[in-house]
Amino acid sequence: MERERAKSPRAVLFACSLNAVRSVFAAGILAHLARGKIRVASAGVRVGAVDPLAVKVMAEIGIDVSRHKPRAIRDLENPEFDLIVSLSPEAHHQALELTRTLPVDVEYWPTFDATIHRADATEEQVLAHYRLVREHLFRRIKQRFAPEGGVSV
């Protein structure tokens, strides 16, 4: 953790499988906490759809991600990031592929996919999973970026 805090990135990309929940949560949280001090983006290995439950769960903590437009890592127009935080195994693999041609640090934060239990759960149970993921990422982001990382929390 000390090595991570020693570096204060100016631009961070959060990457996951679909850019619909985990990376949206993480980017929204860091952008909210950093208040413009860090350029924050998110992308997925594939492009999913905006997840209305993700929007709802983020709104509960005062962060609006309703205008999020899912995009693929391969389609990023400006891949100039100091740090890529991958949140799923396939995103980590793709992030490592990018580092073959770009000088960027990659951190892997294995993060539970809250959407996997949707079919056999009530909406409240699904929301509970989303909230767990959101809170996990909130804690991890605060540990990684504040206060040494320049984020005021």
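**Exercise 1. Identify the residue of β3 that stands opposite Val12, and place this pair within the sheet**.

*Solution.* In this predicted model, Val12 stands opposite Leu83 in β3. A further partner in β3 is found for Phe14, namely Val85. These pairs belong to the contact between β1 and β3, which pair in the parallel sense over 4 bridges. On another side of the account stands β2: 6 bridges join β1 to β2, and these two strands run parallel as well. Here Cys16 stands opposite Gly44 in β2.

The pairing of β3 with β4 completes the picture. Strand β3 (residues 83-86) and strand β4 (residues 105-108) are parallel and share 4 bridges, with Tyr108 of β4 as the bridge partner of Ser86. The result is an open sheet of 4 strands in the order β2-β1-β3-β4, with parallel pairing. Its edge strands are β2 (39-44) and β4, each of which pairs on one side only. On average, neighbouring strands of the sheet are turned by 20° against each other, direction ignored.

**Exercise 2. Determine how many residues of β1 are buried, and how they are divided between the two faces**.

*Solution.* Begin with the count: 6 of the 6 residues of β1 are buried. Next, assign the faces. One side carries Ala11, Leu13 and Ala15, while the other carries Val12, Phe14 and Cys16. Both faces of β1 are therefore covered, because the residues on each of them are all buried.

**Exercise 3. Describe where the buried residues of α4 lie around the helix axis, and state what covers them**.

*Solution.* First, list the residues: Ala91, His92, Gln94 and Ala95 are the buried residues of α4. They span an arc of only 165° around the axis, so they lie on the same side of α4. A general rule assists here: an α-helix has 3.6 residues a turn, so residues three or four places apart point the same way. The face turned away from this buried side carries the exposed residues Pro89 and His93.

Second, find the cover. The elements over the buried residues include β1 (11-16), β3 and β4. Third, consider the connection: β3, helix α4 (residues 89-98) and β4 make a right-handed β-α-β unit. A right-handed β-α-β unit is also made by β1, α2 and β2.

**Exercise 4. Compare Asn19 and Arg35: state the phi of each residue, and decide whether each is buried or exposed**.

*Solution.* Most residues other than glycine have a negative phi. Asn19, however, has a positive phi near 55°, and Arg35 has a positive phi of about 50° although it is not a glycine. Asn19 is found in the loop between β1 and α2 (22-34), whereas Arg35 lies in the loop between α2 and β2. For the surroundings, apply the cut-offs of under 20% for buried and over 50% for exposed. Asn19 has a relative accessible area of 0% and is therefore buried; Arg35, at 57%, is therefore exposed.

**Exercise 5. Locate Ala114 and name the residues, beyond four places away in sequence, that it touches**.

*Solution.* Ala114 lies in the loop between β4 and α5 (123-145). Its relative accessible area is 2%, so Ala114 is buried. Leaving aside residues up to four places away in sequence, Ala114 touches His129, Tyr130 and Val133. For His129, the C-alpha to C-alpha distance from Ala114 is 5.3 Å, although the two are 15 residues apart in sequence.

Note on methods: Residues numbered from 1 in each chain as written. Predicted model: local features only at pLDDT ≥ 70, side-chain atom pairs only at ≥ 80, totals over all residues. Heavy atoms only, no water. Pairing = 2+ DSSP bridges. Right-handed = clockwise from strand over helix to strand, strands pointing away. Buried < 20%, exposed > 50% of the residue type's maximum accessible area, 1.4 Å probe, protein only. Arc of directions from axis to C-beta. Contact = heavy atoms within 4.5 Å. Axes fitted to C-alpha atoms, helices over the stretch in contact; angles between N-to-C directions.
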